[in-house]
Amino acid sequence: MTHGLTEITVVGDDDTGLIAEVTSLLFERGINIEDLDQAVRDGVFRMTMHVDTAEMVTTEEKLREDLTELGDELGVDLQVRFPADRETQSIAVLVTKESHCLEALFEAWANGDLGADIEVVIGNHDDLEPLARKYDVPFHDIGDEKGTPDEERLLELLAEYDADLIALARYMRILSPDVVFRYESRIINVHPSLLPAFPGASAYMQAIEEGVRIAGVTGHYVTTDLDQGPIITQRAFNVPDDATEEELQELGQPLEAEALIEAIKLHLNDEVTVHRGRTKLRDPEETEVQLGAPETLDDENPDRPIDGLGEFVAGDEPGAEADD
């Protein structure tokens with residue numbers, strides 16, 4: 001959520017007049033719109049507004065009621081989230097079969113390092129239910145025998161547990177616009193490559209097939225474009241000669257967990273902001289987080305030569321000629 005502002009999200013069938021209806025209601029109640037963004041994908045309309053409700057001439061409860069009624073009239077899902085709706089934020093974790101990211105999240109939560117509560121784990125298989133049970137967290141399997149998720153049930157669960165953030169802990173399914181639009185900028189995924197390289201499935205195998213010497217992982221916000229959302233955190237590692245996919249997984253999985261948890265913490269603490277598709281730290285001097293590679297890497301990289309800073313620059317010496 002944009003720092004200090006109330007977020008209003010509208011999702012439904014694309015229709016004329018939707019924007020005017022909502023903005024008129026807000027104007028009548030003395031609410032100033034600071035930012036408005038809209039999109040349509042696969043016939044689904046989404047509008048996200050960040051508004052200043054500090055001087056509105058109504059109460060939070062009445063505004064919720066009015067917006068809900070308007071949403072019913074327009075046939076759209078309309079949600080409002082105030083900056084301080086709760087003291088402790090809640091996380092819904094989506095999983096498939098890989099346990100390492102979920103296990104790391106649970107450990108961080110148990111140690112008090114997460115800064116939020118894991119309220120529910122939702123899977124498209126039931127393999128990780130025992131791990132959720134160990135931490136006394138509800139687990140819901142929304143997949144059929146092939147693992148195809150029931151997204152209507154997913155949305156019901158996310159609303160039931162009132163999730164502030166959705167963490168994809170190696171959830172191996174693509175979320176539809178119907179889900180992504182409802183939780184714009186509140187879904188974080190970890191992908192096993194240095195995006196934008198090797199998006200989609202089997203990223204480690206893609207890295208092997210392309211012969212890269214350095215691979216990595218990326219924590220990023222989820223958008224309707226697969227693996228193209230704003231990048232939050234990245235980690236890199238060397239690819240050994242003749243490495244197998246399994247060997248790359250062993251190198252990458254601990255970094256996947258680390259990158260995901262750091263991205264989640266940055267989001268929950270409102271330390272990261274997105275501008276024109278690129279994330280940046282809101283107050284770089286107030287945090288020790290390094291979004292990219294460790295600073296020690298900068299010390300290892302050479303700082304010369306640089307164009308124009310060499311001892312001899314073409315044309316400075318009489319008679320100097322460029323090589324063919």
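Angles between elements run from 0 to 180 degrees and compare N-to-C directions, with each axis a line fitted to C-alpha atoms. Everything shown here comes from a predicted model.

**View A. Helix 3 laid across the seven-stranded sheet.** Helix 3 crosses strand 5, strand 6, strand 8 and strand 9, and its direction makes about 165 degrees with that of strand 6. Helix 5 (residues 151-160) also packs on this sheet, where it touches strand 5, strand 6, strand 7 and strand 8 and runs at about 170 degrees to strand 6. The sheet underneath is open, with its seven strands in the order 7-6-5-8-9-10-11 and mixed pairing. Strand 7 (139-141) and strand 11 sit at the edges with a single partner strand each, so one side of each has no neighbour in the sheet. Going from one strand to the next, the twist averages 20 degrees.

**View B. The buried residues of helix 3.** Which residues of helix 3 (residues 100-110) are buried? They are His100, Cys101, Leu102, Ala104, Leu105, Phe106 and Ala108. In an α-helix there are 3.6 residues to a turn, so residues three or four places apart point the same way. The buried residues of helix 3 pack against strand 5 (90-95), strand 6 (117-123), strand 8 (165-168) and strand 9 (187-191), and also against helix 4 (129-134) and helix 8 (245-268). Just after helix 3 comes Gly112, with a positive phi near 75 degrees.

**View C. A cluster of rings around Phe106.** Three aromatic pairs turn up in the model. One of them joins Phe106 to Trp109: this pair is tilted, with 6.2 Å between the centres and 35 degrees between the planes. Phe106 and Trp109 are three residues apart in helix 3, about one turn of the helix. Are these two rings' residues buried or exposed? Phe106 counts as buried because its relative accessibility is 0%, while Trp109 is partly exposed at 24%. Phe106 also pairs with Tyr135, this time stacked: the centres are 4.4 Å apart and the planes make 15 degrees. Tyr135 belongs to the loop between helix 4 and strand 7, so its pairing with Phe106 of helix 3 ties together parts that are 29 residues apart in sequence. Taken together, the ring pairs link Phe106, Trp109 and Tyr135 into a cluster.

**View D. Thr233 in strand 11.** Strand 11 (residues 231-238) pairs with strand 10 (residues 214-221) in the antiparallel sense, over seven bridges. In that pairing, Thr218 has Gln234 of strand 11 as its bridge partner. Thr233 lies in strand 11 too, and it is buried because its relative accessible area is 0%. What does the side chain of Thr233 have 2.9 Å from one of its polar atoms? The backbone oxygen of Ala259 sits there. Beyond its neighbours within four places in sequence, Thr233 is in contact with Val217, Thr218, Gly219, Ala259, Glu262, Ala263, Leu266 and Leu291.

**View E. The four-stranded sheet with helix 1 on it.** Here the strands follow the order 2-3-1-4 in an open sheet with antiparallel pairing. Strand 2 and strand 4 (77-81) are the edge strands, each pairing on one side only. Ignoring direction, neighbouring strands are turned by 10 degrees against each other on average. Strand 1 (residues 6-13) and strand 4 run antiparallel and are joined by five bridges, with Val10 partnered by Leu78 in strand 4. Helix 1 (residues 18-28) packs on the sheet and touches strand 1, strand 2, strand 3 and strand 4, at about 20 degrees to strand 3. According to UniProt (an unreviewed entry), residues 7-81 carry the feature "domain: ACT". Across residues 7-81 the chain is 35% helix and 41% strand, and the end C-alpha atoms are 5 Å apart.

**View F. The hairpin of strand 2 and strand 3.** Nine bridges hold the antiparallel pairing of strand 2 (residues 32-41) with strand 3 (residues 44-52). Along the way, Asp35 faces His50 of strand 3. Two residues separate the strands, and in this hairpin Asp42 has a positive phi near 55 degrees.

**View G. Lys280 in strand 13.** Lys280 is found in strand 13 (residues 278-281) and counts as partly exposed because its relative accessibility is 48%. Leaving out residues up to four places away in sequence, Lys280 touches Glu271, Val272, Thr273 and Leu291. Phe139 is elsewhere: C-alpha to C-alpha it is 34 Å from Lys280, and the two are 141 residues apart in sequence.

Key. Residues are numbered from 1 along each chain as its sequence is written. This is a predicted model: local features need pLDDT of at least 70, side-chain atom pairs count only at pLDDT 80 or more; totals for chains, interfaces and linings use all residues. Side-chain values use heavy atoms; hydrogens and water are left out. Two strands pair if DSSP finds at least two bridges between them. Buried means under 20% relative accessible area, exposed over 50%, partly exposed in between (1.4 Å probe, protein chains only). Contact means heavy atoms within 4.5 Å. A polar contact is a pair of N or O atoms within 3.5 Å; within protein, one must be able to donate a hydrogen and the other to accept it, and residues adjacent in sequence count only if both atoms are side-chain atoms. UniProt positions are given in the numbering used here, feature names are shortened, and annotations may be inferred rather than shown by experiment. Rings of Phe, Tyr and Trp (its six-membered ring) pair if their centres lie within 6.5 Å; planes under 30 degrees apart count as stacked, over 60 as edge-to-face and the rest as tilted.
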